[in-house]
Amino acid sequence: MNTPCPPVNFVVNGEPVRVSVPPMKRLLDVLREDLHLTGTKEGCGEGECGSCTVRIDGELVNSCMVPVLQAQGARIETVEGLERHGELHPLQKAFLACGGAQCGICTPGMLMAATHLLAQNPNPTIAEIREGLAGNLCRCTGFIRIFDSVIASIAENSAASIGQESNAR
Ligand code: FES
Ligand code: FES
């Protein structure tokens, strides 16, 4: 008879979750198979491509390389958490508008890496954007449209802030 695994408790996109799965099951698979959060994608499965990127306690992590037991008590953010009140995040809108997503396999990881970058540095230079997304590979876009998407999102945010300031006067 199999011994039942003790549950692992963590928070995903603000919601507490509890899963009873083998402790070495990859976080990527737990997210997709057990929690049905299929936005996070598998590319290489070897920690090389960044398609499976999520944030754990505010740090970017390749979820294909993390056994779920390491998520015990952690706060995890996935691409599903970017939407607010049913509306796409400005970065998601910019990726759509600028052609930053083609086949889409890299896109959730790119979005998480870009979100992380902008949280730390709201006005990155192009060199800083390249560096911030360096752990994420894309086979389709040649990267330029992805960088353009991030730049467009920054411009949109700046315009929105200026609008809010003018309205407040
Ligand atoms: Fe995890 Fe490629 S699928 S890094
Ligand atoms: Fe296809 Fe990036 S859009 S891998």
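## Two domains in one chain

In this predicted model, 14 residues of domain 1 are in contact with 13 residues of domain 2; two residues count as in contact if their C-beta atoms, placed from the backbone, lie within 7 Å. On the side of domain 1 that touches domain 2, strand 3 (residues 53-56) gives the most, with three residues. That side of domain 1 divides into six nonpolar, six polar and two charged residues. Here Ala, Val, Leu, Ile, Met, Phe, Trp, Tyr, Cys and Pro count as nonpolar, Asp, Glu, Lys and Arg as charged, and the others, Gly among them, as polar.

Domain 1 covers 8-82 and domain 2 covers 90-168, with bounds that come from an automatic or database domain assignment. Their centres, taken over C-alpha atoms, are 22 Å apart.

The protein chain has five helices and five strands, which run β-β-α-β-β-β-α-α-α-α from the N terminus on. Helices (H or I, at least four residues) and strands (E, at least two) are DSSP runs, numbered from the N terminus.

The C-alpha trace of the protein chain spans about 65 × 40 × 25 Å along its principal axes. Of the 169 residues, 33% count as buried, meaning that 20 or more other C-beta atoms, placed from the backbone, lie within 10 Å of the residue's own.

Residues are numbered from 1 along each chain as its sequence is written, and chains are lettered from A and ligands numbered from 1 in the order in which they are written. Because the model is predicted, local features need pLDDT of at least 70 and side-chain atom pairs count only at pLDDT 80 or more, while totals for chains, interfaces and linings use all residues.

How values were computed
Buried ≥ 20, exposed ≤ 12 C-beta atoms within 10 Å, placed from the backbone.
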